[in-house]
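Let's walk through this one together, starting with a single pairing and working outwards. Keep the viewer open as you read.

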Amino acid sequence: MVTSTLSKSISIHSEQSDDLLVENVKNAIQHQLRLILARDLASATKAELWMATSLAVREMMVDRFIETQKEHSKQDTRRVYYLSLEYLMGRLLNVNLTNLGLKEAVTEALSELGFELDVLYDEEHDMGLGNGGLGRLAACFLDSMATMDLPAVGYGIHYQFGLFRQEFKNGRQIEKSDDWLKNGNPWEIARPQYSQKVLLYGHVEHSYDDLGNYSPKWISAKEVIGIPYDLPIVGYGANTVNFLRLWESKASEQLDFQIFNQGGYVEAVREKAMGETISKVLYPNDETESGKELRLVQQYFFVSCSLQDIIRRFRKKERTWSDFPKLAVVQLNDTHPAVAIPELMRIFLDLEHLSWDISWTLVEQTFAYTNHTLLPEALETWSEGLFAKVLPRHIDIVREINRRFIEQKLSQKWPSEQDRHNRMAIIADGQIRMAFLSVVGSQSVNGVAALHTKLLKESLLKDFAELYPDRFNNKTNGITPRRWLLGSNPELSQLVSSVIGEDWVTDLSQLRGLEKVADDPSFQKEFLLIKKESKMRLAKVVFDQLGLTISAEAIFDTQIKRLHEYKRQHLNLLHILTLYRRLLQNPQLDIPARVFLFGAKAAPGYHLAKVIIHAINLVADRINNDARIKDKLKVAYLPNYGVSMAEKIIPATDLSEQISTAGKEASGTGNMKFALNGAVTMGTLDGANVEILEEVGDDNIFIFGKTVEGIEELKKSGYNPREYYDKDEELKAVLDWLSSDFFSPNDGNVLSDLSDSLLDWGDPFFVLADYRAYIEAQDLAGKAYQDPKKWASMAIRNIAGSGKFSSDRTISEYAKDVWNIKPVKIPISD
């Protein structure tokens, strides 16, 4: 086969001539077009060419995929298994070509076939496997683990529908289904031979075996099947190809023929429909009891399938169970997979008949837990009643874990501190605290930024840090430079390489070498030209989507992240209104033109977040059509924000809005992506902003607002947002303006909930407390932008200071400190 020849040659850069490689790529694409899609080149659509190209690229990866897994098995290597409920993968064609080193050859091959690679990229749908930073981090980690030759497998759910497709109607968010699989997924490989059975519901029969030992039986359970789909993950240089295994749910009985033959057609397929619901949609609405139940079922489904798969792999050779944690370490990406702890206990106790003490020792040695939140309300809990209904055996196990934890740990260390026992109990007030279960059942607990980890140990998990001081550690998040610079900003990548060489792609610390050219006029000129070209490309996207014309000469001021009050998109909005009002009152005001860019989805049940979206869009409509301000301000809210949109926005951004309330953002990774692409941060001392400040220097970042300690002092003294409102004339004016019907003349004061949340509902995220400091920092940013040399120097120094924030660095720390795994080099076959 043509592709077989090609797959052995692409590695890793073959000895073929460039012309021969291009010819083989052309043949491979046409081969897939005929063989899989039954089309010829003359009649093929762009979507079909994208599919054929992707299939050809996937086949190029397959030999390395097979060689990687064969070598891992041969060496009987210790693997890390990464469990995450979401993976925000984005599109894969670009990143796979980047990592394979085939972008130039495929570009040329497609050109000779009459197609443009850049055009075909847009035929690929973002994978609907994730939502926010948690899922994007997981995707970056997969890339780094493969690039660093670490033996790793990711596990998740093969969702049919993503979170939702966002549209705007009269400025309001409308949710539509995100059927990302409707045109197929060329990257995945179905593995039905590795299907797993999962039990749900039923009840436990408390019985004893012939020796008088307690031997519970989980009976009358419903059974569903998990069918795996593998997504090959190619590392940069194509040496290692790991994989992400995604589980799709199916009913164990697809059709009840007896009922069907009796005319009960709907009833005959009811079990099939129920079984397939589990993997139907990412994050069902858990405002309802049925939504909560489905969420728990999803979590257990993918955890049970994954653990069974890990054990299947472990059992390929004769071993004792004491070897299990020597060969497998399971990383829990937040608490969503935490039910893995009682599930592994159940397998050891009920199926393998190990004692409790041996089982618990193995469990503790196997799991590691990453915490991703400082919001107490975001710590996942399940009611005992629901947990018992869905997982009747597991509720007994969790209760026993809790009993032993209190009696054997807490009572021994703090015998008379009942209040502490109550605070630390895994089960309290009828709720199972999954974060506490994760800490107790894991050998490592890490935060994702230095400040975040400090606050975990000092507040949220303080008691546990005192009990298990050696378990807690920090692993500051990172991003993959292969996607977020090399792939999404190739012109800037080339400029960087012209100064420091190309090794930065796998050693981002080398970016420090750019400091020597930060003030060089010729380098600044090239950098600013590349930035302007990126802005012009984004301007076209904005025009195509919104019909809005924006100028590449303006500051591109961007906030793209999940819509939540603590991320404070409404603080950004107050700044926009402040500038708008100033311009109306003084049309000659000497400020640079500014384009405000937003991208964010609000959870369907999150009312105030949707009001904020509505407010931004209403204000945008008024500003964008007000001739009095002479295009000094524009506001663009791009709908359906995702990874592929971020890849267009980030290279074009000048000012990066990272303005969460201090102490609320665990880390953030958007801040890192912007800095890597030469944007200057406007931020609070929150999450990884603290470490960005340390790396780039306080002259190259705009820091404002209350610190964590300042927020705590405000809370203790009794924060009253009206005091800030009453004493700041400008703040009062813009808030009153917003709450009137000025921006919504046809709908009345529909935005009053937003102003009420700030004035009458306590302003829980201290927007008004930080308003004046934010406005002053923004004024400084505007002045700095008016000096192109100064701005270019700041931006370049942000790139130079981004070396720490590579996911390669993060993963190397996990591998050394937590997972105890080493790289495995995959030999190249003849």
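Which residue in β21 is the bridge partner of Asp557? Leu655 is the one to click on. Bear in mind as you look around that this is a predicted model.

That Asp557–Leu655 bridge belongs to the pairing of strand β18 (residues 555-560) with strand β21 (residues 655-658), which is parallel and runs over 2 bridges. Zoom out a bit and you'll find both strands inside an open sheet of 6 strands, ordered β20-β19-β18-β21-β22-β23, with parallel pairing. At the edges stand β20 (633-637) and β23 (702-703); each has just a single partner strand, so one side of each is left without a neighbour in the sheet.

Now head back towards lower residue numbers, to strand β9. This strand spans residues 222-234, and 11 of its 13 residues are buried, so to speak mostly under cover. Its pairings are antiparallel ones with several strands, among them β5, β6 and β10. With strand β5 (residues 189-190), β9 shares 2 bridges, and here Ile189 sits opposite Asp230 of β9. Strand β6 (residues 196-200) is joined to β9 by 5 bridges; look for Leu199, which faces Glu223.

Then there's β10 (residues 241-251), which is linked to β9 by 11 bridges, again antiparallel. Val234 of β9 has Val241 as its bridge partner in β10. The two strands make a hairpin with 6 residues between them, and in that hairpin Gly237 takes a positive phi near 95 degrees.

With those details in hand, step back to the whole protein chain. There are 35 helices and 23 strands in it. What does its overall size say? A compact globule of 830 residues would have a radius of gyration near 28 Å, and the chain has 28 Å, so the two agree. Along the principal axes, the C-alpha atoms fill a box of roughly 90 × 75 × 60 Å.

Inside that box, 60% of the 830 residues count as buried. If you take the contacts between residues at least 6 apart in sequence, 76% of them join residues at least 24 apart. On the outside, the chain exposes about 32,300 Å², with carbon and sulfur atoms supplying 49% of that area. As for charge, there are 96 positive and 115 negative ones, and their mean positions lie 1 Å apart.

How values were computed
Residues numbered from 1 in each chain as written. Predicted model: local features only at pLDDT ≥ 70, side-chain atom pairs only at ≥ 80, totals over all residues. Heavy atoms only, no water. Helix = DSSP H or I, 4+ residues; strand = E, 2+ residues; numbered from the N terminus. Rg over C-alpha atoms; globule rule 2.2 N^0.38 Å. Buried < 20%, exposed > 50% of the residue type's maximum accessible area, 1.4 Å probe, protein only. Contact = heavy atoms within 4.5 Å. Areas by Shrake-Rupley, 256 points an atom, 1.4 Å probe, with all protein chains shown as cover. Lys, Arg positive; Asp, Glu negative; His and termini not counted. Charge placed at Lys NZ, Arg CZ, Asp CG, Glu CD. Pairing = 2+ DSSP bridges.
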